[in-house]
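Biologist: I am new to this model and would like a close look at a single part of it, namely the places where helices pack against each other. Please set that part in the context of the whole chain.

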Amino acid sequence: MEIVLITGMSGSGKSVALHALEDAGFYCVDNLPPELLLPFVELEAKHNANRLAIAMDVRSASSLPQVPQQLDALRQRGMVVKPLFLDATTDTLVRRYSETRRKHPLSQGEPGEGALEERRALTDAIELERELLGALREQAHVIDSSMIRSAQLQSFVKSLVSAPGRQLTLVFESFAFKRGVPSDADFMFDVRMLPNPHYEPGLKVLTGRDQAVIEFLKIQPDVQRMLTQVGEFIDSWLEDLVRDHRSYVTVAIGCTGGQHRSVYLVEQLAKRFSDQWVTLKRHREIDAH
């Protein structure tokens, strides 16, 4: 049986992720109390279910600490368990709640309070939730939904669950520093000092996946030195990460616009490691178009 456990911050896209898994053929349950996790899985096993997606949130805060042990117990029974944690910046979550006018599950604010008091109460609730979910975040693969659309999030989730469950999966992600740093990165590299195709005639409108940009960057010694050194760094730590029982490792590469240099390096790194490891690619900025 394959089990995907979705946790994360309220307003970060857990419902979107659950819908993506439902589309992918998972039997989905939202807001399952942790006390019912093992009995529910046992029941579904009797019914020969093989793909379950379960969402839990902070409303079960008092019993969430038992979840890591439950997941270990399921793994010992031979089940493939993939914990995903949906996250977003506090400013993003505040904006989303302000737009929808929904009340945060931990919010103590009273209707009719002033805007400043409401914002302060909401921010306090978000930070408390972040603290309560910290242990689950540490043991899950994190997806930062701050800068991505719902369609991108659905695509990311589907690609993650389609990867083999008993192997380390390398996720290479390009991004633009001008739009913010992804919080889901295990390793992050800044490549803004490299020659920029943006300033070359005819290359500005292209991306790091286009042949003309590839040819330009291939002949830049600093670009190739960066590619070699980042690859060697990742390669030197992979066996240690496997021994640490990591299921996913996200390597984020950032440049100014997230269109040329970071995209090129992600494509080349994914190609380099794909022969030995399961690899996934994300381009946060260009996939949004």
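Modeller: What follows starts with the chain as a whole and then turns to two helix pairs. This is a predicted model, in which local features need pLDDT of at least 70 and side-chain atom pairs count only at pLDDT 80 or more, while totals for chains, interfaces and linings use all residues. Residues are numbered from 1 along each chain as its sequence is written, and side-chain values use heavy atoms, with hydrogens and water left out.

The protein has 10 helices and nine strands, where helices (H or I, at least four residues) and strands (E, at least two) are DSSP runs numbered from the N terminus. Its C-alpha trace spans about 60 × 55 × 30 Å along the principal axes. Of the 289 residues, 50% are buried, a word that stands for under 20% relative accessible area with a 1.4 Å probe and protein chains only. Among contacts (heavy atoms within 4.5 Å) with a separation of 6 or more, 79% join residues 24 or more positions apart.

Two packed helices are described by the angle between their axes and the distance between the axes. Here the axes are lines fitted to C-alpha atoms over the stretch in contact, and angles run from 0 to 180 degrees between N-to-C directions.

Helix H1 (residues 14–23) and helix H7 (residues 150–162) have axes that come within 9 Å and cross at roughly 55°. H1 and H7 are therefore oblique to each other, since angles under 35 degrees count as roughly parallel, over 145 as roughly antiparallel, 65 to 115 as roughly perpendicular and the rest as oblique. The contact is made by Val16, Ala17, Ala20, Leu21 and Asp23 of H1, together with Ser150, Leu153, Gln154, Val157, Lys158 and Val161 of H7. These residues divide into seven nonpolar, two polar and two charged.

In the second pair, the axes of helix H9 (residues 221–243) and helix H10 (residues 261–273) come within 11 Å and cross at roughly 45°, which makes H9 oblique to H10. On the H9 side the contact includes Val223, Leu227, Ile234 and Leu238, and on the H10 side Tyr264, Leu265, Leu269 and Phe273 are among the residues involved. The contact of H9 with H10 divides into 10 nonpolar, four polar and three charged residues.

One residue of H7 also leads back to a strand: Glu2, found in strand E1 (residues 2–8), touches Val161 as well as residues including Phe26, Leu52 and Val80. At 14% relative accessibility, Glu2 counts as buried.

Conventions
Ala, Val, Leu, Ile, Met, Phe, Trp, Tyr, Cys and Pro count as nonpolar, Asp, Glu, Lys and Arg as charged, and the others, Gly among them, as polar. Lists of a residue's contacts leave out its neighbours within four places in sequence.
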